[in-house]
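Trainee: I'm new to this one and would like a close look at a single part of it, with whatever surrounds that part. Could you walk me through it slowly?

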Amino acid sequence: MAAQAKQAGWARGGCQCGALRYEVDLSQVQTFYCCHCRECQKQSSSGFGMSMVVPSAAFRLLQGAPQGWSRQAESGRKVEGFHCPTCGSRVFHSSSRGGGFTNLRAGSLDDTSGLRPVGHLWTDSKQGWVTLPPDSLCYPRQPDSLDDLVARYRAQGADAKDSAG
């Protein structure tokens, strides 16, 4: 989906129990990556979390009222996560890093069949069984900027359009 996201328009998703529902304009996705920090591992109860960065205006809640929870990241930034108060699924979060953007938990999309991250963050704390694709951008910790991840995502979208046309 990530490569096709530039053409796909609006998609829907939600929490595990269905109490929270949203839609997101996939043509506005800035980048898509996996984070291997211990916080994402704990939050997802898995080896990593998947983040799809979109302008906040490209994300709309359709149903339900998420509950917020905030923490201070190792960088000192405030991260505010939003989850379903019924089932606890984290659906999105925001960060004080740059206003106007929402980090969607991409695994909450109804259709995840074509997701392909362009990068991996916090690889110093990744689980030993995780093998990173050789063509991915990899960062041992949090990068100072997401610019390279955004550029790679845009290039991946352009490559998908070129191969389709």
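**A proline and its surroundings**

Mentor: Let's start with P66. Setting aside the neighbours within four places in sequence, P66 is in contact with L20, L61, F82, H83, P85 and F92. Keep in mind that this is a predicted model.

Where does P66 sit? You'll find P66 in the loop between β5 (59-63) and β6. Its relative accessible area is 23%, so P66 counts as partly exposed, given that buried would mean under 20%. There's also a partner from far back in the sequence: C15 is 51 residues away along the chain, and the C-alpha atoms of P66 and C15 are separated by 9.8 Å.

Now step from that loop into β6. This strand covers residues 67-72, and β6 runs antiparallel to β7 (residues 78-83), with six bridges joining the two. One pair to look for is Q72 with its bridge partner K78 in β7. Together β6 and β7 make a hairpin with five residues between them, and G76 in the turn has a positive phi of about 100°. On that angle, some background helps: most residues other than glycine have a negative phi.

Two residues here go against that pattern. S45 isn't a glycine, yet has a positive phi of about 55°. Look for S45 in the loop between α2 and β4; with 67% relative accessibility, S45 counts as exposed. W122 isn't a glycine either, and its phi is also positive, at about 55°. W122 belongs to the loop between β10 (119-121) and β11 (137-138), but W122 is buried, with a relative accessible area of 13%.

Back to β6, which also leads us to the largest pocket. That pocket holds about 730 Å³ of space. It is lined by 32 residues, and the closest to its centre are Y33, R77, H93, N103 and Q142. Which elements build the lining? β6 supplies at least two residues, and so does each of β3 (31-35), α2 (38-44), β4 (49-55), β8 (90-95) and β9 (101-105). The biggest contribution is from α2, with five residues. Sorted by class, the lining has 13 nonpolar, ten polar and nine charged residues.

While you're looking at α2 and β4, follow them to the second largest pocket, where each supplies at least two residues of the lining. This pocket has about 220 Å³ of space. Its lining is made of 15 residues, and S44, R90, R105, G107 and S108 lie nearest the centre. The mix there is four nonpolar, nine polar and two charged residues.

Last stop, the largest nonpolar core. It has 33 residues, and M52, L104, L109 and L149 touch the most other members. Two or more residues come from each of β2 (21-25), β3, β4, β8 and α3 (147-164). Take L149 as an example: leaving out neighbours within four places in sequence, L149 is in contact with T31, Y33, V118, G119, L121, L137 and Y139. You've met Y33 already, among the residues closest to the centre of the largest pocket.

Methods
Residues are numbered from 1 along each chain as its sequence is written. This is a predicted model: local features need pLDDT of at least 70, side-chain atom pairs count only at pLDDT 80 or more; totals for chains, interfaces and linings use all residues. Side-chain values use heavy atoms; hydrogens and water are left out. On a 1 Å grid over the protein atoms alone, a cavity is a set of points where a 1.4 Å probe fits but cannot get out, and a pocket is an open set with protein on both sides within 12 Å along at least five of seven lines; lining residues have an atom within 4 Å of a point. Grid points are joined across faces, edges and corners, and a volume is the space filled by probe spheres set on the points. Helices (H or I, at least four residues) and strands (E, at least two) are DSSP runs, numbered from the N terminus. Ala, Val, Leu, Ile, Met, Phe, Trp, Tyr, Cys and Pro count as nonpolar, Asp, Glu, Lys and Arg as charged, and the others, Gly among them, as polar. Buried means under 20% relative accessible area, exposed over 50%, partly exposed in between (1.4 Å probe, protein chains only). Contact means heavy atoms within 4.5 Å. Two strands pair if DSSP finds at least two bridges between them. A nonpolar core is a set of buried Ala, Val, Leu, Ile, Met, Phe, Trp, Tyr and Cys residues joined through side-chain atoms within 4.5 Å.
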